[in-house]
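Me: I would like a close look at the pockets and cavities of this structure, and then at the parts around them. Please define each term when it first comes up.

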Amino acid sequence: MASTITGFAGAVISPNEPGYDAARTIWNAMHDRRPTLIVQPRSAPDVAAAIRYARAAGLQIAVRGGGHSMPGHSVCDDGMVIDLRALNQVLVNPQTRRVRVGGGALLGDVDRATQQHGLVLPAGVVSHTGAGGLTLGGGVGRLMRRFGLTIDSLLSAEVVTAGGRILRASAGEHAGLFWALRGGGGNFGVVTEFEFALHELTELLVLATFHPLEEARKVIERGRREMADPAARDELLWTSFLRRANDVPWLPAELVGRHGIMSLVEWSGDPEEGRPVLAKIRDELQPAASDLSAVPFLVMQTITDDLFAHGLRTYIKAGFADDLSDGLIDALIDRAASISSPITQVELLALGGAMARVDSGATAFPFRQARWLINIPATWRDAADDDREIAWARGTYAAVRTYLSEGQYVNFMGDDEDDTAAGAYGRTIERLQRIKAIYDPGNVFRLNQNITPAVSAV
C-alpha cells in the first residue's frame with residue numbers, strides 16, 4: 001500500500017496485501033501473530049516517522065531485526081512492526097578497523113564484509129541472527145574470551161527514541177544511554193546503526209568430539225578443570241552439548257541419534273601454538289569420534305545454521321553458573337537422558353577471559369564474573385510436541401536451578417520468567433530504570449525483557 005505515514009519513505013504492508021504473511025513470519029515458529037501494520041523503513045527519519053504514527057494511533061510497537069527473539073517480541077498482534085531489514089548496510093574501514101552496521105543487518109552480513117579484510121567482530125554463532133538484538137543483549141559468542149562481548153567493541157550507536165529524536169550515543173554523547181544500550185536490551189529506542197571496533201582473525205583451530213552419555217561426566221569435568229585453570233588462555237573456548245548426536249561429517253553413521261555429549265574446543269590464536277593444546281585434550285578424552293582441524297571463521301560461523309533454522313519451534317531456559325559442581329553435573333546428565341527431539345540440547349558454554357576483565361560497572365551487562373552459561377533450548381518441528389518439549393525444558397531448569405548463580409542472559413530468556421527484569425539486569429536494574437525514564441518515560445518500547453521507567457528521573 002502507499003504510505004499514509006507522514007514523512008515515511010519506506011514500504012508499508014497491511015493485512016491482505018501480498019507479502020504480509022512472509023513479512024510477519026519470524027524465526028521461532030511458535031509465534032504466529034498478526035500486526036495491523038508492518039513498516040519497512042529505509043532511514044532513521046523513516047523510523048522516527050513510524051514511531052510518531054504508531055504512538056498517535058495507539059499502536060503497540062514491535063521492532064524486528066533478525067527476528068530471532070526467543071519469546072517472539074519481533075512481532076505483535078494488532079500493533080505495528082518496525083521491520084529494520086532494509087537497514088542492513090555494513091561499511092568497513094580497514095584502515096581504522098571500524099565498521100558501521102545497520103540495525104537490520106544479520107551476523108552473516110557482518111562476517112562476510114569484515115572477513116574480506118581479515119577482520120572480525122566478536123558476536124554470536126548463528127549467521128542469520130540479527131546483529132542489533134544480539135548486541136543490545138550483550139553479545140555472547142565464540143570470541144568473547146579473546147576479544148570480549150560484542151558490546152565491548154561497540155563505539156557508538158544511532159538511536160531513534162520514543163519521542164522521535166535521532167541521537168548518537170557514545171562515551172562522549174548521551175553517555176548514560178550508551179551505557180544502557182550495552183546490555184539493556186531494546187528498552188531505550190530503535191538502534192538504526194552501530195559502530196564497532198574490529199579485530200584481526202580469519203581462522204580457528206577446532207577440536208570436535210563425541211562421547212556416549214555414560215562418559216559425559218568425564219568430559220564435563222575435563223572442561224571444568226581446563227577453564228578453571230588460572231593459566232587458561234583467552235584464545236581457548238570450551239563448549240559442550242548434551243544432546244542426541246547430529247549428523248556431521250566426522251561422526252560415524254551408527255552414532256547419529258545416540259544420546260551423548262558433543263564438544264567444541266576452539267582456539268582463536270596462532271594455530272601452531274594451539275594444535276598441541278587441543279591434541280592433548282583429545283588424547284586425554286579418548287572420544288568415540290573426533291576431528292581436529294583448522295576452520296575458516298566464515299565456515300565456523302555457519303555450522304549451526306541448519307540446527308537453528310527458521311521455522312523450527314523453540315522454548316528456552318538458561319542461567320549462569322559459578323562452577324560446574326558435582327550436583328549440577330548429575331542433574332544435567334540425568335535430564336539429558338530424557339531428551340526426545342533430535343535438535344534439543346543443553347549447552348555448557350565457558351565464560352571468562354577478556355569479557356570478565358571489563359569493569360563490572362562499565363556497561364549494563366552485569367554478569368561478567370560468571371564462569372559458565374547453562375543454556376537449555378528445547379527445539380522441535382511438530383506443534384504436536386509442544387507440551388512435551390516445553391515440559392522437558394522447564395523440568396531441566398527446575399532440576400539445575402539450585403546450582404545456578406545470579407541472573408540470566410537476556411538473549412536466552414522466554415516470557416515466563418519469575419522476575420524478568422531482576423533476572424535479566426541484576427544489580428544494574430535501578431540505573432537502567434532511571435535512564436529508561438529519560439528516553440522512554442511512557443514505556444513505548446516494552447516488547448522486550450522489559451525495564452519499567454523509574455517514577456522520576458534523577
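Reply: The answer below starts with the empty spaces and then turns to strands, helices and two single residues.

This is a predicted model, in which local features need pLDDT of at least 70 and side-chain atom pairs count only at pLDDT 80 or more, while totals for chains, interfaces and linings use all residues. Residues are numbered from 1 along each chain as its sequence is written, and side-chain values use heavy atoms, with hydrogens and water left out.

Rolling a probe the size of a water molecule over the atoms shows where empty space is left. The search uses a 1 Å grid over the protein atoms alone: a cavity is a set of points where a 1.4 Å probe fits but cannot get out, and a pocket is an open set with protein on both sides within 12 Å along at least five of seven lines. Lining residues have an atom within 4 Å of a point. Grid points are joined across faces, edges and corners, and a volume is the space filled by probe spheres set on the points.

The largest pocket has a volume of about 540 Å³. It is lined by 24 residues, of which Asn246, Val248, Trp250, Leu264 and Ile303 are the closest to its centre. Two or more lining residues come from each of β12 (203-212), β13 (236-244), β14 (259-267), β15 (289-296) and α9 (297-300). These labels are DSSP runs, numbered from the N terminus: helices are H or I with at least four residues, and strands are E with at least two. The lining of the largest pocket divides into 13 nonpolar, six polar and five charged residues. Here Ala, Val, Leu, Ile, Met, Phe, Trp, Tyr, Cys and Pro count as nonpolar, Asp, Glu, Lys and Arg as charged, and the others, Gly among them, as polar.

There are two cavities of 30 Å³ or more. The second largest cavity has a volume of about 40 Å³. Among the residues that line the second largest cavity are Arg142, Arg145, Arg146, Asp234, Glu235 and Glu266. At least two lining residues come from each of α5 (144-147), β13 and β14. By class, this cavity lining has five nonpolar, one polar and six charged residues.

β13 also leads to the next part, since strands pair if DSSP finds at least two bridges between them. β13 and β17 are antiparallel partners, with five bridges, and arginine 243 stands opposite glutamine 345 in β17. β17 (residues 345-350) is joined to β18 (residues 372-380) by four bridges, again in the antiparallel sense. In that pair, alanine 350 stands opposite tryptophan 372.

Six of the six residues of β17 are buried, where buried means under 20% relative accessible area, exposed over 50%, and partly exposed in between (1.4 Å probe, protein chains only). Gln345, Glu347 and Leu349 point one way from β17, and Val346, Leu348 and Ala350 the other way. Helix α10 (residues 326-336) has eight of its eleven residues buried, so it is largely enclosed by the rest of the structure. The buried residues of α10 include Leu328, Ile329, Leu332 and Arg335.

Elsewhere, an open sheet of five strands has the order β5-β6-β10-β8-β9, with antiparallel pairing. β5 (90-93) and β9 (166-170) are at the edges, each with a single partner strand, so one side of each is left without a neighbour in the sheet. On average, neighbouring strands of this sheet are turned by 15° against each other, direction ignored. Angles run from 0 to 180 degrees between N-to-C directions, and axes are lines fitted to C-alpha atoms, for helices over the stretch in contact.

β5 and β6 (residues 98-102) are joined by four bridges, and asparagine 93 stands opposite arginine 98 in β6. Helix α3 (residues 107-115) packs on the sheet, touching β5 and β6, and its direction makes about 30° with that of β5. Helix α2 (residues 44-57) lies across β8 (154-160), β9 and β10 (190-197), at about 45° to β8.

Two single residues remain. Glycine 132, in helix α4 (residues 131-136), is buried, with a relative accessible area of 8%. Leaving aside neighbours within four places in sequence, glycine 132 is in contact (heavy atoms within 4.5 Å) with Gly103, Ala105 and Phe194. Proline 453 lies in the segment after α13 (429-439) and is partly exposed, with a relative accessible area of 21%. Proline 453 and lysine 436 are 17 residues apart in sequence and 5.0 Å apart in space, C-alpha to C-alpha.
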